[in-house]
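Let's take a walk through this structure together, stopping at a handful of places worth a closer look. Keep the 3D view open as you read.

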Amino acid sequence: MPSPVVYQVAVPSPLRRLFDYLPPGEARQALKPGTRVKVPFGRRQVIGIIIKTVQKSSLPLGKLKPISAILDLQPLLSEPQFNLHLWAAQYYQHPVGDALAASLPALIRKGEPVPVETVTHWQLTTIGLGLPESALRTAPRQQQLLNALQKHARLSTAGLKNLGISRQIIKQVADKKLIESIEVETEVTDWNKSNILAEAPHKLTRQQSAALNSINTNTFNTYLLQGETGSGKTEVYLQLIQTVVETGKQALVLIPEISLTPQTLQRFQQRFNCSIAVMHSGLTDKERALAWNAARTGRVPIVLGTRSAIFTPLANPGLIIVDEEHDSSFKQQEGFRYSARDIAVIRAQREKTPLLLGSATPSLESLHNCHQGKYHKLTLTGRPGNARQPQWQLVDLRQSQLKTGFSATLINAMEDELAQGNQVLVFLNRRGFAPTLNCHNCGWIADCHRCSARLTVHKSSNRLLCHHCEHQEPVPLACPACMSSQLQFLGQGTERSESLLEALFPETPILRVDRDTTRRKSAMQSMVEKMNSGKPCILVGTQMLAKGHHFPNVTLVVILDADGGLFSPDFRAPEKMGQLITQVAGRAGRGEKPGKVILQSHYCDHPMLTTLSQRGYVAFSDQLLNERKLAQLPPFQYLCVLRSEAPDVRDADQFLRLARQHAERLAPPSPQFGYLGPLPPAMEKRSGRYRRQLSIHASSRPRLQQLLTLLCQQLEQTPLGKKVRWSVDVDPVDMS
Ligand code: ADP
Ligand code: ZN
Ligand code: ZN
């Protein structure tokens with residue numbers, strides 16, 4: 001007698017394994033992988049997803065419990081779609097149940113039915129049905145409504161409006177209990193393939209056409225479109241999407257952040273007639289599930305979203321675009337640490353669609369893949385129209401008299417631009433007033449007691465804030481150590497620059513953009529409007545300014561302090577610095593007027609700064625790639641970081657020592673495998689927990705994967721593994 005089938009189910013659990021269940025009580029046909037089920041788990045009932053069927057469990061059959069309920073008659077995802085989630089969980093070494101929970105819309109993972117889009121319709125009630133045709137003749141509009149519903153049985157609010165019947169009339173008749181509303185599922189309609197444009201596209205420049213024509217839309221290939229800000233990449237995306245959507249296929253577009261760049265979404269909406277599903281973290285659970293389902297059932301041709309949108313299933317996949325592919329927000333830094341850009345490569349390959357990565361400052365990984373011939377590189381050099389590339393000037397801070405961060409050269413240059421009616425952008429990647437509060441008398445420094453970090457002074461709220469754990473406290477009136485009142489603010493953040501600029505340029509409006517000023521949704525929009533008015537003003541802000549904005553009247557971009565990335569322990573810091581500076585500099589001279597960039601540094605002759613400012617990002621990235629090659633760092637090796645944290649530093653340390661022992665037993669140190677750590681990261685303590693990290697380098701990706709899979713299984717079993725918080729970060733982008 002064949003043994004009964006056993007279902008292996010992924011449940012939301014931190015364990016990297018599946019759980020076995022028997023078929024549900026009633027005899028039914030076999031359940032397919034991807035079906036959501038309710039199962040007993042411990043003392044609770046949880047929602048799980050069937051991953052596979054096996055003939056035999058490793059547990060005795062008597063110990064297995066049956067599935068309690070089946071939630072879907074058909075799996076919501078096709079097998080290839082579902083397999084992408086499984087691949088990502090495996091590759092990023094994350095517990096599969098947890099990974100699925102993180103990559104599916106909340107409603108779906110909570111076991112709710114897939115929501116359907118509905119439209120309100122109106123129909124007669126039983127009282128209404130009993131009325132004669134002319135029952136409401138004293139009120140002609142109401143009479144018209146009655147007759148319409150006698151004729152059509154059911155009409156939508158919009159349909160009634162077309163007949164000239166307002167909401168008010170509907171309400172009056174509904175109040176008489178003659179009609180009632182019902183929700184009717186919207187019909188699945190195809191978009192009109194011959195009429196998807198709402199505006200005429202630009203005539204492409206020669207380079208844009210060449211780029212567009214190189215992309216084969218019928219097969220998988222990865223293309224990297226490198227073009228400076230304003231060189232016309234977005235126009236290439238729009239026309240490529242057009243080609244794909246006109247053949248009835250869907251396009252998935254990933255961008256780093258939607259709220260910061262409302263302009264991107266606006267441009268898509270302006271261009272296309274057809275609907276665009278927008279997926280970002282600001283959606284309600286219902287909205288997200290609706291958008292997800294519209295994409296899944298092929299009802300929307302274009303999906304525009306942030307990182308997690310990479311998991312949006314498409315009925316007719318035709319294209320994936322990742323804009324600003326270098327942006328670190330595509331890598332999730334907590335929990336399920338996946339890279340949406342890297343998953344896009346696997347996804348496009350499996351779905352046999354082209355993948356277009358775009359950036360003014362491509363990641364070293366993608367450039368390396370181009371050099372290796374894995375990606376096709378497409379380049380845009382000029383800017384369409386008159387806009388020219390900006391001119392650079394380096395200001396040596398060592399010889400400057402500084403007015404809290406502003407050299408005299410800088411102030412003069414700003415005065416000149418403003419006098420000519422232009423706008424100036426000042427970039428400083430640090431919010432708050434000052435990064436340090438100290439005592440001039442005894443040297444005391446305001447530290448966060450929960451993190452190895454200093455507290456930042458915020459003047460407007462008069463508080464000290466930890467930017468790492470959100471701890472806050474009032475600014476003390478006297479030094480807590482020696483009672484002296486000689487407290488001083490060291491360094492500067494955007495808040496301080498703003499007040500200094502107000503003093504230096506009393507006639508000029510100063511706009512500040514950082515996480516503190518843009519908490520309100522409308523703040524960014526109102527800043528953009530002020531900038532677009534074109535009047536002279538100074539915009540001061542953090543990296544939020546580097547993203548996607550088009551300010552035609554900015555002629556001078558100031559980088560107050562370029563030194564941050566030069567001497568960081570994080571090997572990716574120079575790359576990030578170069579990208580950020582190039583992106584910010586790209587805000588200068590995007591309109592008719594030429595632009596200028598002034599960069600202040602204490603190390604003006606540092607080769608990274610000279611290459612970047614004199615020869616541009618391409619030469620800069622080549623130089624960095626050479627350094628990475630010499631040091632055998634990614635992308636020349638594969639890297640994984642294991643992190644642990646615990647209230648007791650010994651536990652955090654001990655756990656990773658153990659991890660290293662296990663790992664070295666599985667893959668002894670060799671030219672193919674290297675280990676570093678456990679070491680304290682740059683911030684050793686965060687939110688009251690001590691942190692350690694262990695890096696594993698390998699020359700082969702599959703071999704690193706094999707090692708990690710075995711290692712994680714072993715570590716899960718160790719008692720210490722249950723005591724400390726630990727995580728695995730495959731292809732880490734943030735080493736701090
Ligand atoms: P990027 O995405 O590289 O920053 P965009 O596509 O946003 O560049 O182009 C910058 C500006 O130039 C936009 O205002 C865009 O409308 C305009 N533009 C792009 N391509 C063309 C073209 N072929 N002809 C005229 N204007 C163009
Ligand atoms: Zn003191
Ligand atoms: Zn803190």
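Gly232 offers a backbone N or O atom that sits 2.9 Å from an oxygen atom of ligand 1. Bear in mind as you look at this contact that the model is predicted. The neighbouring stretch of chain joins in: a backbone N or O atom of Ser231 is 3.4 Å from an oxygen atom of ligand 1, and the side chain of Lys233 brings an N or O atom to 2.8 Å from an oxygen of the ligand. With the protein in place, 77% of the 560 Å² of accessible area that ligand 1 has on its own is covered.

Now widen the view to the whole shell. There are 16 residues around ligand 1, and those that come nearest are Lys203, Gln208, Gly230, Thr234 and Arg267. Sorted by class, the shell holds eight polar, six charged and two nonpolar residues. Which helix gives the largest share of this shell? That is helix 9, spanning residues 233-246, which supplies three residues.

From the ligand, move along to helix 10, which covers residues 262-271 and includes Gln270. Gln270 has a relative accessibility of 48%, so this residue counts as partly exposed; the cut-off for exposed is over 50%. Although Gln270 and Ala198 are 72 residues apart along the chain, their C-alpha atoms are separated by 6.4 Å.

Helix 14 is a good place to think about helix geometry. Its twelve residues, 408-419, reach 16 Å from the first C-alpha to the last, close to the 16 Å expected at 1.5 Å a residue. Within helix 14, the buried residues are Leu410, Ile411, Ala413, Met414, Glu417 and Leu418. Why do these buried residues line one face of helix 14? Looking down the axis of helix 14, you will find that they fall within an arc of 165°, and so they share one face. The spacing pattern has a simple background: an α-helix has 3.6 residues a turn, so residues three or four places apart point the same way.

Further along, helix 18 runs over residues 607-631 and contains Ser613. Is Ser613 buried or exposed? Its relative accessibility is 13%, so Ser613 counts as buried, the limit being under 20%. A polar atom of the Ser613 side chain lies 2.8 Å from the backbone oxygen of Leu609.

Finally, let's turn to the backbone itself. Most residues other than glycine have a negative phi, and most peptide bonds are trans. Against that background, four spots deserve a look.

Two of them concern phi. Ala153, which is not a glycine, has a positive phi of about 70°; this residue is in the loop between helix 5 (140-152) and strand 7 (155-156). Glu324 likewise has a positive phi, near 55°, and lies in the loop that links strand 13 (317-323) with helix 12 (340-351). Glu324 has a relative accessible area of 18%, so this loop residue is buried.

The other two are cis peptide bonds. One runs from Pro634 to Pro635, with omega near 5°, and Pro635 is in the loop between helix 18 and strand 27 (638-646). Another cis bond joins Gly677 and Pro678, where omega is about 5°. Pro678 belongs to strand 28, residues 673-679.

Terms used. Residues are numbered from 1 along each chain as its sequence is written. Chains are lettered from A and ligands numbered from 1 in the order in which they are written. This is a predicted model: local features need pLDDT of at least 70, side-chain atom pairs count only at pLDDT 80 or more; totals for chains, interfaces and linings use all residues. Side-chain values use heavy atoms; hydrogens and water are left out. A residue is near a molecule or strand if one of its heavy atoms lies within 4 Å of it. A polar contact is a pair of N or O atoms within 3.5 Å; within protein, one must be able to donate a hydrogen and the other to accept it, and residues adjacent in sequence count only if both atoms are side-chain atoms. Accessible areas come from the Shrake-Rupley method with a 1.4 Å probe; for residues, only the protein chains shown count as cover. Helices (H or I, at least four residues) and strands (E, at least two) are DSSP runs, numbered from the N terminus. Ala, Val, Leu, Ile, Met, Phe, Trp, Tyr, Cys and Pro count as nonpolar, Asp, Glu, Lys and Arg as charged, and the others, Gly among them, as polar. The expected span of a helix is 1.5 Å times one less than its number of residues. Buried means under 20% relative accessible area, exposed over 50%, partly exposed in between (1.4 Å probe, protein chains only). The arc is that of the directions from the helix axis to the C-beta atoms.
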